[in-house]
Amino acid sequence: MVEVSKGDDISFVTLNPGILPADAMPGDVLICTGEAWQVDKQATEKRRDALKKRFSKHN
């Protein structure tokens with residue numbers, strides 16, 4: 001299942017794992033370019049950094 005966001009709208013969809021990139025990991029940000037999916041490494045790192053900061057405030 002993947003989270004799909006368009007602006008402030010968020011939904012979850014089930015995709016066939018066979019269409020995802022072989023290097024995709026849970027938590028990665030994916031982008032769809034036509035029929036192909038790819039990992040957006042910059043957006044993934046930015047999201048992980050934001051989550052680390054957010055959760056470090058609770059420790």
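# Exercises on salt bridges, a loop and a hairpin

R48 is partly exposed, with a relative accessible area of 33%. Buried means under 20% relative accessible area, exposed over 50%, and partly exposed in between, with a 1.4 Å probe and protein chains only.

This is a predicted model, in which local features need pLDDT of at least 70, side-chain atom pairs count only at pLDDT 80 or more, and totals for chains, interfaces and linings use all residues. Residues are numbered from 1 along each chain as its sequence is written, and side-chain values use heavy atoms, with hydrogens and water left out.

## Exercise 1: R48 and its surroundings

Place R48 in the structure and list what it touches beyond its sequence neighbours.

*Solution.*
- Step 1. Find the element. R48 sits in helix α1. Helices (H or I, at least four residues) and strands (E, at least two) are DSSP runs, numbered from the N terminus.
- Step 2. Look for contacts, meaning heavy atoms within 4.5 Å. Set aside neighbours within four places in sequence: R48 then contacts P26, G27 and D28.
- Step 3. Compare sequence and space. R48 and V29 are 19 residues apart in sequence, and their C-alpha atoms are 9.8 Å apart.

## Exercise 2: The loop residue D28

Is D28 buried or exposed? Work out which polar partners its side chain has.

*Solution.*
- Step 1. Locate D28. The loop between β2 (9–13) and β3 (30–33) holds this residue.
- Step 2. Check the cover. D28 counts as buried because its relative accessibility is 16%.
- Step 3. Find the backbone partner. A polar atom of the D28 side chain lies 2.7 Å from the backbone nitrogen of M25.
- Step 4. Find the side-chain partner. D28 and R48 make a polar contact of 2.9 Å through their side chains. A polar contact is a pair of N or O atoms within 3.5 Å; within protein, one must be able to donate a hydrogen and the other to accept it, and residues adjacent in sequence count only if both atoms are side-chain atoms.
- Step 5. Add the contacts. Not counting residues up to four places away in sequence, D28 touches D23, V39, T44 and R48.

## Exercise 3: T44, a contact of D28

Describe the cover of T44 and its link to a backbone nitrogen.

*Solution.*
- Step 1. T44 belongs to helix α1, residues 41–56.
- Step 2. With a relative accessible area of 4%, T44 is buried.
- Step 3. A polar atom of the T44 side chain lies 2.8 Å from the backbone nitrogen of V29.
- Step 4. T44 touches G27, D28, V29 and V39, leaving out residues up to four places away in sequence.

## Exercise 4: The salt bridges

How many salt bridges does the structure hold? Go through the pairs.

*Solution.*
- Step 1. Start with the principle. Side chains of opposite charge can pair when their charged atoms come close. A salt bridge is a side-chain nitrogen of Lys or Arg within 4 Å of a carboxyl oxygen of Asp or Glu.
- Step 2. Count. There are three salt bridges.
- Step 3. Take E3 and R47. Their side chains meet at 3.6 Å, N to O. E3 is in strand β1 and R47 in helix α1, so this pair ties together parts 44 residues apart in sequence. E3 is partly exposed at 38% relative accessibility, and R47 is partly exposed at 38%.
- Step 4. Take D23 and K41. Their closest N and O atoms are 3.5 Å apart. The pair links distant parts of the chain, 18 residues apart: D23 is in the loop between β2 and β3, K41 in helix α1. D23 is partly exposed at 44%, whereas K41 is exposed at 59%.
- Step 5. Take D28 and R48. Their salt bridge has an N to O distance of 2.9 Å. This pair also links distant parts: D28 in the loop between β2 and β3, and R48 in helix α1, 20 residues apart.

## Exercise 5: β1, β2 and a surface patch

In which sense do β1 and β2 pair? Then name the residues of the nonpolar patch.

*Solution.*
- Step 1. The pairing of β1 and β2 is antiparallel, over five bridges. Two strands pair if DSSP finds at least two bridges between them.
- Step 2. Pick one bridge. V4 is partnered by S11 in β2.
- Step 3. Read the turn. The two strands form a hairpin with two residues between them, and G7 in the turn has a positive phi of about 70°.
- Step 4. Check the cover. β2 has five residues, and the count of buried ones is zero.
- Step 5. Find the patch. M1, I10 and F12 make a nonpolar surface patch of about 400 Å². Patches are made of residues with over 30% relative accessible area and no salt bridge: like charges are joined within 9 Å, nonpolar side chains (Val, Leu, Ile, Met, Phe, Trp, Tyr) within 5 Å. Accessible areas come from the Shrake-Rupley method with a 1.4 Å probe; for residues, only the protein chains shown count as cover.
- Step 6. Look at M1. It lies in the segment before β1 (2–6), and M1 is exposed at 73% relative accessibility.
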